[in-house]
Amino acid sequence: MASWNALSPSIVEYFEGEDFYRCGYCKNESGSRSNGMWAHSLTVQDYQDLIDRGWRRSGKYVYKPVMNQTCCPQYTIRCRPLQFQPSKSHKKVLKKMLKFLAKGEISKGNCGDEPMDSTVEDAVTGDFALINKLDIKCDLKTLSDDLKESLENEEMKKEKHSKKEESNESIHSQAIEEKLGSGEPSHSIKVHTVPKPGKGADLSKPPCRKAKEIRKERKRLKLMQQNPAGEHEGFQAQGQPPSLFPPKAKSNQPKSLEDLIFESLPENASHKLEVRVVRSSPPSSQFKATFQESYQVYKRYQMVIHKDPPDKPTVSQFTRFLCSSPLEAEYPPNGPECGYGSFHQQYWLDGKIIAVGVIDILPYCVSSVYLYYDPDYSFLSLGVYSALREIAFTRQLQEKTSQLCYYYMGFYIHSCPKMKYKGQYRPSDLLCPETYVWIPIEQCLPSLENSKYCRFNQDPEAVDEGCSKEPDRLQVFHKKAIMPYGVYKKSQKDPSEEASVLQYASLVGQACAERMLLFRS
């Protein structure tokens, strides 16, 4: 596992040209177009910068829609959680959950006036087959041996190092060997133990509260302390508000999101809901212990909600799509207690998993990857509920890590009715596909009504400030050596090679091009 001072470089393998595949939204057989690359590893900062340029990952495959050519343009959307106020329909979903937990009440009807249940259905339809093909194509063992040798040669040239630096370099080399050698995280590296959320929180209540409410809180706290689930990396019990928010809103003020989510339940509540955040890559002990149960929920979800045949949602598909991640686990001193990287946010109802939100925690945001749930609980609108919980989770993380203040919801597709619901989480912004600046969604919608593809930045003189300006500085890994593209290209005679590298540089931007290693065979 990478430490903050000994991070391995991001390593990507770009696939030149554009992929054509069936669109999962309008069902056009070859209308969806994107550029893609296989990420053997990514630092969280590199991935943050990539999604801020319109990229998105599905497993270890990272893709960027060709916005002005694809049939259904996909605009990166982010919500601003610190200013977020739940809408009337959001409050309806939260109240429905509280009624179910408190009294076991099941709302009648199918809640047709609410957004679709599953919050993130963005993954390209062809991803599963594509990921399987690319995983075989990418020779991980060869990359591992070559890169290890290259780094060892570079280290031999350096003579003056402190003991601390030498130790960091050892971790650095080991991390690269592990992430490339097997394609899976190593279990031999020490997994950081993350303190329980809420530790040190002020659980005292204002003296004006009723004695009955105080007794409820004391009993709930005692139960939480006795509950073995507290050993998980993340734990949020229904009714336990994060420490940074007041336990109860004043009567003359609208209830906050936290007030609605963590409203007190009666002592004889019908159900108990817990939310646990477990690291999925590298897999924590808690993730491993719950893997099979989580997979069975995914399998049922795919079969019932997406009508997959029983033999399609395999363990291998589940692992490659929702468990494998190129993101390095990082634990900077000023970051969140759980660290950065990839996680599963598990929703436990009465001791069993009913839903799982797959998320990435990055330097500036929580990025929602996918949601799957037990179809038997569709009546709880778990897609909407989980999105609201993830917004609240982002606000909680922001208390310690001030720059982590956005919630990325994947792609907004205005031309697809079932994907427009993401625009209801306000305030939110869309990413301009030409200048890569964020524009409030209210300013974008009029243009999208007239055209599927739009440049949101209204300044005609504005350009992509992060574009590739010096491609010769791009870092290349070739024949067991790391070198600038300016050196690499002198030995290349194929003109298509230069076109491919320059296309890659233009898509990832100058900063990522200089930090990430582009593998060339």
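## Contacts around Q74

Contact here means that heavy atoms lie within 4.5 Å of one another. In this predicted model, Q74 meets that criterion, once its neighbours within four places in sequence are left aside, with Y25, S32, P65, M67, F411, Y412 and I413. The residue itself belongs to the loop that runs between strand 4 and strand 5 (75-79).

Is Q74 buried or exposed? Its relative accessible area is 4%, and because buried means under 20% relative accessible area, Q74 counts as buried.

## Overall composition

The protein has 521 residues, of which 55% count as buried, and its secondary structure amounts to 14 helices and 16 strands. Among the contacts in the protein with a separation of 6 or more, 73% are between residues 24 or more positions apart.

## The seven-stranded sheet

Seven strands form an open sheet in the order 3-4-2-1-16-14-15, and the pairing within this sheet is mixed. Its edges are strand 3 (56-58) and strand 15 (481-484), each of which pairs on one side only, while the twist from one strand to the next averages 35°.

Within this order, strand 1 (residues 11-21) and strand 16 (residues 517-519) are paired in the parallel sense, with two bridges between them. On this pairing, V12 stands opposite L518 of strand 16.

## Helix 14 against the sheet and helix 1

Helix 14 lies across several strands, namely strand 1, strand 2 (32-41), strand 4 (61-65), strand 14 (475-478) and strand 16, and its direction is at about 135° to strand 1.

Helix 14 (residues 495-515) also packs with helix 1 (residues 44-51), the two axes coming within 10 Å and crossing at roughly 160°. Because angles over 145 degrees count as roughly antiparallel, helix 1 is described as roughly antiparallel to helix 14, and the crossing in which helix 1 passes helix 14 is left-handed. On the side of helix 1 the contact is made by Q45, D46, D49 and L50, and on the side of helix 14 by V508, C512 and R515. By residue class, the contact of helix 1 with helix 14 divides into three nonpolar, one polar and three charged residues.

## Helices 9 and 10

A second helix pair is formed by helix 9 (residues 291-304) and helix 10 (residues 315-323), whose axes come within 11 Å and cross at roughly 95°. Since angles of 65 to 115 degrees count as roughly perpendicular, helix 9 is roughly perpendicular to helix 10.

Helix 9 contributes F291, S294, Y295 and Y298 to this contact, and helix 10 contributes V315, Q317, F318, T319, F321, L322 and C323. Of the residues in the contact of helix 9 with helix 10, eight are nonpolar and three are polar, and none is charged.

## Strands 7 and 8

How many of the nine residues of strand 7 are buried? In strand 7 (residues 273-281), nine of nine are buried, so that the strand is mostly covered. This strand runs antiparallel to strand 8 (residues 341-349), to which eight bridges join it. One position in the pairing can be given by name, since the bridge partner of V277 in strand 8 is Q345.

Notes: Residues numbered from 1 in each chain as written. Predicted model: local features only at pLDDT ≥ 70, side-chain atom pairs only at ≥ 80, totals over all residues. Heavy atoms only, no water. Axes fitted to C-alpha atoms, helices over the stretch in contact; angles between N-to-C directions. Helix = DSSP H or I, 4+ residues; strand = E, 2+ residues; numbered from the N terminus. Parallel < 35°, antiparallel > 145°, perpendicular 65-115°, else oblique. Nonpolar A, V, L, I, M, F, W, Y, C, P; charged D, E, K, R; others polar. Buried < 20%, exposed > 50% of the residue type's maximum accessible area, 1.4 Å probe, protein only. Left-handed = near helix turned anticlockwise from the far one by under 90°.
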